[in-house]
Amino acid sequence: MKLFLKNILILFIIILVLDPAFLFLLKYQENHLYDTRLQKLMDGKINTDILILGSSRGARNIIAAQIQDSLHESCYNLSYPGSNLDFHQFILQTFLKKNKKPKTILLTIDDSMALKDNASLNFRNDVLYPLAQHKYINDVLIQNNENPFISKYLYTFRLEKSMFKKADETVGATDSLWNCGSMPIVFTKPNYTFQYNEHDTLYSKVEENPKRVENLKQIQSICKQNNIHLIFVFPPNYKVYNSAFEARIKSITGESISYFVYNRSELRYTDSTYYYDMGHLKLNGARIFTNELIEYLRSPASNKAN
């Protein structure tokens with residue numbers, strides 16, 4: 001037993017001695033990020049009039065620079081592909097802690113899986129890993145059972161396998177990040193077959209995750225408390241619009257909030273040449289949708305109080 005305790009003590013001392021080196025690795029990873037948006041957010045360097053939140057439909061389908069150029073208001077896109085409402089709430093809360101509050105938030109809603117568990121929509125812990133040197137970020141990772149509690153005190157335990165990728169690792173072709181934070185796609189998904197879905201017109205609350213419903217309510221509540229104009233945005237998919245899903249969202253958030261739905265009479269949204277795949281527009285389609293959104297933001301209809 002004494003030998004065991006002695007070995008444990010020696011191991012602990014070694015960890016203490018080496019721990020600063022792990023901090024160096026954390027800083028190295030942070031300094032070689034391709035997507036630096038969360039880093040800028042943490043540093044309080046994103047102060048914008050209009051903030052875009054959402055998953056890939058927000059990242060790909062809305063061009064923040066186009067909005068900024070047209071409305072002469074600063075606009076930035078903090079949408080993350082593969083993220084869910086829980087992550088959107090985290091981004092919003094972090095933004096308000098570190099940056100000046102925006103006037104308007106555009107929250108894209110994923111038709112029709114936003115409130116349900118889905119393998120393609122998650123809390124993007126992987127986005128947080130490279131910033132784990134920051135106590136605020138590490139505490140979130142601990143809360144999400146990604147890092148052990150001891151990582152509060154030792155950098156050694158803040159490392160993840162995913163952090164040891166090469167700094168110059170090739171970024172996916174669909175993750176072309178513009179300075180405004182948007183990530184539009186200019187090509188069609190290789191070897192992909194399009195088939196327009198005319199039958200997705202129903203929505204059931206079965207399998208909804210109550211936490212996602214609460215996330216939606218919390219986002220609305222945070223915006224109301226901070227006097228931020230929140231607009232729910234429904235981008236097009238290569239299918240018929242699901243008004244039943246929209247009705248479900250409105251039943252949770254109420255009619256007083258602002259909603260923007262793409263122009264369903266626009267025939268180009270039924271043309272596959274404007275899409276990367278069934279759920280995402282290409283740049284040509286994103287410009288059309290963003291122009292619609294700009295016109296909406298100019299109109300009196302967008303000025304409903306939350």
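Ser-83 sits in the loop between β2 (75-77) and α5, and in this predicted model the residue is buried, with a relative accessible area of 0%. Its side chain carries a polar atom that lies 2.6 Å from the backbone oxygen of Tyr-80. Beyond its neighbours within four places in sequence, Ser-83 is in contact with Gly-54, Ser-55, His-88, Asp-110, Leu-121, Asn-122 and Arg-124. One of these partners, Gly-54, is 29 residues away along the chain, and yet the C-alpha atoms of Ser-83 and Gly-54 are separated by 7.2 Å.

Ser-83 also leads to the empty space inside the model. Rolling a probe the size of a water molecule over the atoms shows where such space is left. A search of the whole structure finds 1 cavity of 30 Å³ or more, and the volume of the largest cavity is about 40 Å³. Ser-83 belongs to its lining, together with Asn-84, Leu-85, His-88, Thr-108, Ile-109, Asp-110, Ala-114 and Leu-121. Sorted by class, this lining is made of 4 nonpolar, 4 polar and 1 charged residues. Among the lining residues, His-88, Asp-110 and Leu-121 are also found in the list of contacts made by Ser-83.

The second largest pocket, which holds about 220 Å³ of space, also draws on α5. The elements that give two or more residues to its lining are α5 (85-98), α7 and α8, and α5 provides the largest share, with 4 residues. The lining as a whole consists of Asp-86, Gln-89, Phe-90, Gln-93, Phe-123, Tyr-136, Val-140, Gln-143, Asn-144, Lys-211 and Asn-215. By class, 4 of these residues are nonpolar, 5 are polar and 2 are charged.

The helices α7 and α8 also frame the next residue to consider, since Asn-147 lies in the loop between α7 (135-143) and α8 (210-225). Is Asn-147 buried or exposed? Asn-147 counts as buried because its relative accessible area is 5%, which is under the 20% cut-off for that class. The side chain of Asn-147 makes a polar contact, at 2.8 Å, with the side chain of Asn-138.

From the loops the reader can turn to the strands, beginning with β4. All 6 of the 6 residues of strand β4 (residues 229-234) are buried, so the strand is largely enclosed by the rest of the structure. In a regular strand the side chains alternate between the two faces of the sheet. In β4, His-229, Ile-231 and Val-233 point one way, while Leu-230, Phe-232 and Phe-234 point the other way, and all of them are buried. Strand β4 pairs with strand β3 (residues 104-108), to which it runs parallel and is joined by 5 bridges; here Thr-104 stands opposite His-229. Strand β4 is likewise parallel to strand β5 (residues 258-261), with 4 bridges joining the two, and within this pairing Ser-258 of β5 is the bridge partner of Ile-231.

These details belong to a chain with 10 helices and 7 strands. Of its 306 residues, 51% are buried. Among contacts in the chain with a separation of 6 or more, 78% are made by residues 24 or more positions apart, and the 29-residue separation between Ser-83 and Gly-54, two residues that are in contact, offers an example.

Notes: Residues are numbered from 1 along each chain as its sequence is written. This is a predicted model: local features need pLDDT of at least 70, side-chain atom pairs count only at pLDDT 80 or more; totals for chains, interfaces and linings use all residues. Side-chain values use heavy atoms; hydrogens and water are left out. On a 1 Å grid over the protein atoms alone, a cavity is a set of points where a 1.4 Å probe fits but cannot get out, and a pocket is an open set with protein on both sides within 12 Å along at least five of seven lines; lining residues have an atom within 4 Å of a point. Grid points are joined across faces, edges and corners, and a volume is the space filled by probe spheres set on the points. Ala, Val, Leu, Ile, Met, Phe, Trp, Tyr, Cys and Pro count as nonpolar, Asp, Glu, Lys and Arg as charged, and the others, Gly among them, as polar. Buried means under 20% relative accessible area, exposed over 50%, partly exposed in between (1.4 Å probe, protein chains only). A polar contact is a pair of N or O atoms within 3.5 Å; within protein, one must be able to donate a hydrogen and the other to accept it, and residues adjacent in sequence count only if both atoms are side-chain atoms. Contact means heavy atoms within 4.5 Å. Two strands pair if DSSP finds at least two bridges between them.
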